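Have the sequence and the 3D view open side by side. This report walks through a few helices, one pocket and some single residues.

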Amino acid sequence: MFNRSRRNKSSKDRLGNCLNGINYAIEKEQNLIYIMAFVVVVLGLAVVLKVNTSEILALVITSGLTFCLELVNTAIEAVTDLAYSRENDLAKISKDSAGASVFIMTVITIITVLIIFIPKIIELI
């Protein structure tokens with residue numbers, strides 16, 4: 001049963017809930033798997049191309065924000081589906097807006113990756 005009181009939950013329980021949310025999103029949202037694969041490739045390239053610490057930080061932050069927004073998008077979609085069993089214009093706006101935030105952050109992440117990697121790749125050529 002759903003327990004509204006957070007005071008009685010231990011840190012271990014809260015962490016478990018967080019991990020459950022991540023697992024649910026990974027199972028239900030294929031985009032999250034793509035994001036995770038992208039992050040692994042980008043960080044691997046960062047090591048190979050000897051990217052400096054501040055550039056790695058920019059890559060981690062933008063990639064992490066994309067991942068987080070995908071989790072928020074998944075939560076908004078789940079709550080919207082719970083609230084509206086039939087098609088609804090406001091539900092569509094809610095889902096579309098949440099999806100748009102992920103798209104915008106993905107574009108920002110890709111631009112960041114290109115800004116950092118293109119000069120490094122040109123140096124190797």
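## The start of α3

At the start of α3, a side-chain oxygen of Asn 52 comes to within 3.1 Å of the backbone nitrogen of Ser 54. That pair fits the rule for a polar contact: N or O atoms within 3.5 Å, where within protein one must be able to donate a hydrogen and the other to accept it, and residues adjacent in sequence count only if both atoms are side-chain atoms. Helices here are DSSP runs (H or I, at least four residues), and strands are E runs of at least two, numbered from the N terminus.

This is a predicted model, in which local features need pLDDT of at least 70 and side-chain atom pairs count only at pLDDT 80 or more, while totals for chains, interfaces and linings use all residues. Residues are numbered from 1 along each chain as its sequence is written, and side-chain values use heavy atoms, with hydrogens and water left out.

## Helix α3

How far should the 31 residues of α3 span at 1.5 Å a residue? The expected value is 45 Å, and the end C-alpha atoms are 44 Å apart, which agrees. The expected span is 1.5 Å times one less than the number of residues.

Many side chains of α3 can be looked up as buried (under 20% relative accessible area; exposed is over 50%, partly exposed is in between; 1.4 Å probe, protein chains only). Among them are Glu 55, Leu 59, Ser 63, Phe 67, Glu 70 and Asn 73. The cover over the buried residues of α3 includes α1, α2 and α4. Thr 62 lies in α3 too. Its relative accessibility is 10%, so Thr 62 counts as buried. Contact means heavy atoms within 4.5 Å. Setting aside neighbours within four places in sequence, Thr 62 is in contact with Met 105, Thr 109 and Thr 112.

## Helix α2 and its two sides

Helix α2 covers residues 30-48, which is 19 residues. From first C-alpha to last it reaches 27 Å, close to the 27 Å expected at 1.5 Å a residue. Which residues of α2 are buried? They are Leu 32, Ile 35, Val 42 and Ala 46. Seen down the axis of α2, these buried residues fall within an arc of 85 degrees, so they line one face of the helix. The arc is taken from the directions from the helix axis to the C-beta atoms. An α-helix has 3.6 residues a turn, so residues three or four places apart point the same way.

The cover over the buried residues of α2 includes α1 (11-28), α3 (53-83) and α4 (89-124). Now turn to the face of α2 that points away from its buried side. It carries the exposed residues Tyr 34, Val 40, Val 41, Val 47 and Val 48.

## Ala 46 and Lys 50

Ala 46 sits in α2. It counts as buried because its relative accessibility is 1%. Not counting residues up to four places away in sequence, Ala 46 touches Val 51, Ile 56, Leu 59 and Phe 117. Ala 46 and Ser 63 are 17 residues apart in sequence, and 13 Å apart in space, C-alpha to C-alpha.

Lys 50 follows α2 and lies in the loop between α2 and α3. Is Lys 50 buried or exposed? At 69% relative accessibility, Lys 50 counts as exposed. Its phi is near 55 degrees, a positive value in a residue other than glycine.

## The largest pocket

The largest pocket holds about 160 Å³ of space. Its lining includes Asn 31, Phe 38, Ser 63, Glu 70, Val 102 and Ile 110. The elements that give two or more residues to this lining are α2, α3 and α4. Of these, α2 gives the most, with 5 residues.

A pocket is found on a 1 Å grid over the protein atoms alone: it is an open set of points with protein on both sides within 12 Å along at least five of seven lines, whereas a cavity is a set where a 1.4 Å probe fits but cannot get out. Lining residues have an atom within 4 Å of a point. Points are joined across faces, edges and corners, and the volume is the space filled by probe spheres set on them.

## Two more residues

Ala 25 belongs to helix α1. At 0% relative accessibility, Ala 25 counts as buried. Leaving aside neighbours within four places in sequence, Ala 25 is in contact with Leu 32, Leu 71 and Thr 74.

Lys 92 is in helix α4. A polar contact of 2.6 Å joins the side chains of Lys 92 and Asp 96.
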